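Work through the exercises below with the sequence and the coordinates open beside you. Each task is followed by a solution that proceeds step by step.

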Amino acid sequence: MTTKIQVNGLKLRGYHGVFPQERRIGNIFAYDVEVAVPWIAAADSDDISLTLSYADIVAVVREVNATPSQLLEHVAYRLHKALVAKFPQIAGGTVRVSKIKPPIASTELESAAVVIAW
């Protein structure tokens, strides 16, 4: 059996984007992560070492966000790779990376996002 651990709406300043000003000035990015992990042993014993802490997920997101990318697809894929490399107990999941208020001329857009599911 697995359970899903979620981190929702984590907002960080990042320097991802195709345009030079995006890489210089930066933007706010929102991260939503859901991972499936085994849970029975942790639930039975109340021992955090037997599950995956959402604080550990946040630490990986911060690490990945610190390295600029041109494409949201690249950020999302790097995050996916980092999570499964660091936490082999992850059985599947979803990563959503959103650029808040992307710089598109004459447009008011709340966000643009890329979602990877595995």
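**Exercise 1. A valine and its surroundings**

Is Val 95 buried or exposed, and what is its relative accessible area? Place the residue in its strand and identify its neighbours in the predicted model.

Solution. Begin with the accessibility: Val 95 has a relative accessible area of 0%, and because buried means under 20%, Val 95 counts as buried. Next, locate the residue, which belongs to strand β3, a strand made up of residues 92-100. Then list what lies around Val 95: leaving out residues up to four places away in sequence, its contacts include Asp 32, Ala 76, Leu 79, His 80 and Leu 83, and also Val 114, Val 115, Ile 116 and Trp 118. One of these neighbours, Ile 116, is the bridge partner of Val 95 in β4.

Now take up His 80, which sits in helix α4 (residues 72-86). His 80 and Val 95 are separated by 15 residues in sequence, while their C-alpha atoms are 6.8 Å apart in space. Apart from residues up to four places away in sequence, His 80 touches Val 95 and Trp 118. With 14% relative accessibility, which is under the 20% limit, His 80 is therefore also classed as buried.

**Exercise 2. Assembling the sheet**

Which order do the four strands take in the open sheet, and in what sense do they pair? Set the sheet within the course of the whole chain, and add the helix that lies across β1 and β2.

Solution. Start from the inventory, which gives four helices and four strands for the protein chain; read from the N terminus, the elements follow the pattern β-α-β-α-α-α-β-β. The strands form an open sheet in the order β1-β2-β3-β4, with antiparallel pairing. At its edges are β1 and β4 (111-117), each of which pairs on one side only. On average, and with direction ignored, neighbouring strands of this sheet are turned by 10° against each other.

The individual pairings can then be checked. Between β2 and β3 the antiparallel pairing extends over eight bridges, and Val 35 stands opposite Gly 93 in β3. Between β3 and β4 it extends over seven bridges, where Val 97 has Val 114 of β4 as its bridge partner. Finally, helix α3 (residues 54-65) lies across β1 and β2 (27-38), and runs at about 40° to β1.

**Exercise 3. Charged pairs**

How many salt bridges does the structure hold? For each pair, state where the partners are found and how accessible they are.

Solution. There are three salt bridges in the structure. The principle is that side chains of opposite charge can pair when their charged atoms come close.

- Glu 34 and Lys 4 form a salt bridge in which the closest N and O atoms are 3.8 Å apart; Glu 34 lies in strand β2 and Lys 4 in strand β1, 30 residues apart. Glu 34 is partly exposed at 21% relative accessibility, whereas Lys 4 is exposed at 57%.
- Glu 22 and Lys 99 form a salt bridge whose closest N and O atoms are 2.4 Å apart, and this pair links helix α1 to strand β3 across 77 residues. Glu 22 is buried, with a relative accessible area of 7%, and Lys 99 is buried at 9%.
- Asp 32 and Arg 96 meet through their side chains at 3.9 Å, N to O, and join strand β2 to strand β3, 64 residues apart. Asp 32 is partly exposed at 22%, and Arg 96 is partly exposed at 35%.

**Exercise 4. Features at the surface**

Which residues form a nonpolar patch on the surface? Then examine the phi angles of Lys 101 and Ser 106.

Solution. The patch consists of Val 18, Phe 19 and Leu 71, which together have about 280 Å² of accessible area. Val 18 is found in the loop between β1 (2-14) and α1 (20-25).

Turning to the backbone, Lys 101 has a phi near 50°, a positive value in a residue other than glycine, and Ser 106, likewise not a glycine, has a positive phi of about 55°. Lys 101 is placed in the loop between β3 and β4, and Ser 106 is found in the loop between β3 and β4 as well. Because exposed means over 50% relative accessible area, Lys 101 counts as exposed at 59%, and Ser 106 counts as exposed at 85%.

How values were computed:
Residues numbered from 1 in each chain as written. Predicted model: local features only at pLDDT ≥ 70, side-chain atom pairs only at ≥ 80, totals over all residues. Heavy atoms only, no water. Patch = residues over 30% accessible without salt bridge, like charges linked within 9 Å, V, L, I, M, F, W, Y side chains within 5 Å. Areas by Shrake-Rupley, 256 points an atom, 1.4 Å probe, with all protein chains shown as cover. Salt bridge = Lys/Arg side-chain N within 4 Å of Asp/Glu carboxyl O. Helix = DSSP H or I, 4+ residues; strand = E, 2+ residues; numbered from the N terminus. Pairing = 2+ DSSP bridges. Axes fitted to C-alpha atoms, helices over the stretch in contact; angles between N-to-C directions. Contact = heavy atoms within 4.5 Å. Buried < 20%, exposed > 50% of the residue type's maximum accessible area, 1.4 Å probe, protein only.
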